[in-house]
Every structure is written in C-alpha cells, then in structure tokens.
Amino acid sequence: YNMNMRTLFIYLFLMITVVCNAQTAVSINQLNGTSWIRTSPVDKEMVVKYCFNNSSYTNSAEYISVGKAVSIFKYYLSPTVPAAFDFSKVGTKTSGKYMIGYNSKMKKMFYYEITSFDSKKMVLLRKGKPFSIGGAKDLYLTYQRIK
C-alpha cells in the first residue's frame with residue numbers, strides 16, 4: 001500500500017511539472033501581429049512597447065524627456081538556448097520557451113526566457129551576465145497586451 005501511494009505521489013508531481021513547463025512554450029503564431037506595453041519594472045521616464053510579426057519585433061522606447069528610440073530585432077522561438085543565432089529559423093513556424101533575438105548593430109545573439117504567457121500578459125526573464133551592460137542581476141520584464 002505505501003508503495004502505491006508513493007508511486008501515485010511521484011506520478012502526480014511529474015504530471016504537475018510537465019503541465020507547468022508546457023504552459024511556457026509559445027508558438028510564433030501567438031506573437032505574430034501582437035503589441036505589448038511593459039508594466040514592470042516601472043520606469044517613470046520611459047514607455048516600452050514590443051510589436052511582433054513572424055520574423056522580427058520592434059522595440060520602441062519612448063523617453064519622456066528625449067523622444068523615441070526604435071530598434072528592430074530578428075527573432076525566433078526555441079525550446080533551448082542555441083550556441084549561435086540560427087538565421088534559417090527566422091520567419092518559420094518556431095515555438096518554445098526562449099525568444100532568441102539578434103542585434104544586427106552589435107552582431108550578437110541575445111535571448112529571453114518566456115516564464116509566463118497568456119492572451120493578456122507575458123513575463124520575460126533576462127538572465128544577468130556578470131560584468132556586462134545591464135548588470136549581473138536577473139531581470140523579470142512584465143508586458144500587458146495592447147493589440
């Protein structure tokens with residue numbers, strides 16, 4: 001009897017883990033044509049918006065005192081973080097819990113982990129890198145869908 005309860009508990013734990021992990025996998029179709037505004041962390045000096053299509057997204061930061069800065073990044077979704085940006089995946093039907101981006105000015109790949117996603121809210125995690133611009137701390141970015 002004890003063995004059956006233990007087995008049942010392990011099975012339930014594994015099922016819950018699988019369900020929780022599966023929820024963060026996002027497909028390119030869920031992002032294509034959407035727009036989001038950052039709600040956290042709050043910055044009184046700027047408003048940050050993301051607008052997605054199936055191969056790139058626009059990051060527009062409106063600074064209250066200076067004006068607007070707009071950047072466009074190629075991206076795709078992946079179940080894992082690749083060693084290098086795979087340009088052949090841009091514009092294809094990718095899915096996963098990582099948003100893999102490419103900064104063409106710096107010629108560098110970057111990524112966000114999609115920790116939460118539904119039709120109204122998206123939470124991205126930027127892993128901190130010691131001694132880099134942006135700092136060593138992990139940063140959770142919360143976005144509210146506006147379109």
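Trainee: Why is aspartate 138 called partly exposed in this predicted model?

Mentor: Its relative accessibility is 40%. Partly exposed lies between the 20% and 50% limits, so aspartate 138 belongs in that class.

Trainee: And what makes its contact with lysine 127 a salt bridge?

Mentor: The N to O distance is 3.1 Å. The cut-off is within 4 Å, nitrogen of Lys or Arg to a carboxyl oxygen of Asp or Glu, so this pair qualifies. Both residues sit in the loop between β9 (121–126) and β10 (139–145), 11 residues apart. Lysine 127, at 37% relative accessibility, is partly exposed too.

Trainee: How many salt bridges are there by this rule?

Mentor: Two. Lysine 97 forms one with glutamate 113, where the closest N and O atoms are 3.7 Å apart; that is within 4 Å, so the name holds here as well. Lysine 97 is in the loop between β6 (95–96) and β7 (98–103), while glutamate 113 belongs to strand β8 (residues 108–117).

Trainee: Why is glutamate 113 called buried or exposed?

Mentor: Buried: its relative accessible area is 18%, and the limit is under 20%. Lysine 97 has 25%, so it counts as partly exposed.

Trainee: How do you know that strands β3 and β4 pair?

Mentor: Pairing needs at least two bridges, and seven join β3 (residues 46–52) to β4 (residues 56–63), so they pair, running antiparallel. Valine 47, for instance, has glutamate 62 in β4 as its bridge partner.

Trainee: Which strands form the closed barrel?

Mentor: Eight of them, in the order β2-β3-β4-β5-β7-β8-β9-β10, with antiparallel pairing. Neighbouring strands of this sheet are turned by 35° against each other on average, ignoring direction.

Terms used: Residues are numbered from 1 along each chain as its sequence is written. This is a predicted model: local features need pLDDT of at least 70, side-chain atom pairs count only at pLDDT 80 or more; totals for chains, interfaces and linings use all residues. Side-chain values use heavy atoms; hydrogens and water are left out. A salt bridge is a side-chain nitrogen of Lys or Arg within 4 Å of a carboxyl oxygen of Asp or Glu. Helices (H or I, at least four residues) and strands (E, at least two) are DSSP runs, numbered from the N terminus. Buried means under 20% relative accessible area, exposed over 50%, partly exposed in between (1.4 Å probe, protein chains only). Axes are lines fitted to C-alpha atoms, for helices over the stretch in contact, and angles run from 0 to 180 degrees between N-to-C directions.
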